[in-house]
Each structure stands twice: as structure tokens, then as C-alpha cells.
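I opened the notebook for a new model today. I wanted to look up cores, strand pairing and a pocket, in that order.

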Amino acid sequence: MYVHGTPGNAGASNSLSYLIHSMVTSGHEISIICPPGEAFEQFSAIPGTQMLEGGELPITATAAGLDHPVLRSIYGHATHFRNYRYFHKYIKQIQPDIVHLNDVGMGYGARIAKLYGVKVVMHVRLVLNSQN
């Protein structure tokens, strides 16, 4: 199961389209969670993939602009709570062998996948700010 968090079509979605296509032609079953948009359409064009609209599911919004650590924590937990519910649903429905997460903001997905005994690959594409 691949989780892609952005609707736009860019480098990550292009690279992953090639990877997913080669995996499908090798006989793997691929499920993709992605918000509606150009990336969703691009992945949908790959024969043999199961597409699930993620809406706002995949990426957790960051609260780096909040200076107060308690407010940042409350905001993060509220966002995670909504996403936990949906991610549990997809893990139960798909029962994947591996979950590939495409952003550090999807750490909640890694935790949930591990609860179900699913292996996780996380692709972190940003520089973490040591100041926050």
C-alpha cells in the first residue's frame, strides 16, 4: 500500500509511477491512497492499481509556526486523531504486506501499520528543523 500525500504531479509522483508500474508488471498488487488531483489521475492510469481517495488523510499538517510547544502539541494530536481512524480503516481493508509513506508527516501511519504487524518504508523528503 502506497500513501501519497499531495495532489500535485511532480518529481515524487513521477518517480513512483515508474516504480509502481514495474511492481504491477512483476505481479504485485498495489493499492494507492492519494488525494484527488493530478497525482491521483497519474496513478489511476497505471493498469492493475487499486486507487483509494485519501482526501486530507495522508499528510498531517505541521504546526511549526506556533511558538508555544503546548499549543503545537495539541494541534498535532487533534490532527493525528482524525487521521488514525482513517488509516486503521485502510489497513484493515487492504491488509498490505508493506506500507510506503511519502512524508515525515505520516509518522502516525507507520505507528498504526506496526500495530498490525505491517512492514513500513518511509521516504522523508525534507530537512527537519532542529530549532523546533
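Which residues have the most contacts inside the largest nonpolar core? I noted first that the model is predicted. I then found Met 1, Val 3, Phe 87, Ile 91, Val 99 and Leu 101 to have the most contacts inside this core, which has 16 residues. I looked up the elements that give two or more residues to it: α3 (69-94), β4 and α4 (107-115). I also found a second, separate core of 12 residues. Leu 16, Ile 20, Phe 40 and Phe 43 are included there.

Next I took the strands. β1 (residues 2-3) and β4 (residues 98-101) run parallel, joined by 2 bridges. I checked Val 3 again, since it is on the list for the largest core. The bridge partner of Val 3 is Leu 101 in β4, and Leu 101 is on that core list too. β4 also runs parallel to β5 (residues 119-122), with 4 bridges between them. Here I saw His 100 opposite Val 121 in β5.

Last came the second largest pocket. I read its volume as about 480 Å³. It is lined by 19 residues, and the closest to its centre are Met 1, Met 23, Glu 29, Ile 30 and Ile 98. I listed α1 (11-25), β2 (30-34) and β4 as the elements that give two or more residues to the lining. Which element gives the most? I found that α1 does, with 4 residues. By class, I logged 11 nonpolar, 6 polar and 2 charged residues in the lining.

Conventions:
Residues numbered from 1 in each chain as written. Predicted model: local features only at pLDDT ≥ 70, side-chain atom pairs only at ≥ 80, totals over all residues. Heavy atoms only, no water. Pairing = 2+ DSSP bridges. 1 Å grid on protein atoms, 1.4 Å probe; cavity = no way out; pocket = protein on both sides within 12 Å on 5 of 7 lines; lining within 4 Å. Points joined across faces, edges and corners; volume = space filled by probe spheres on them. Nonpolar A, V, L, I, M, F, W, Y, C, P; charged D, E, K, R; others polar. Core = buried A, V, L, I, M, F, W, Y, C linked by side-chain atoms within 4.5 Å. Buried < 20%, exposed > 50% of the residue type's maximum accessible area, 1.4 Å probe, protein only.
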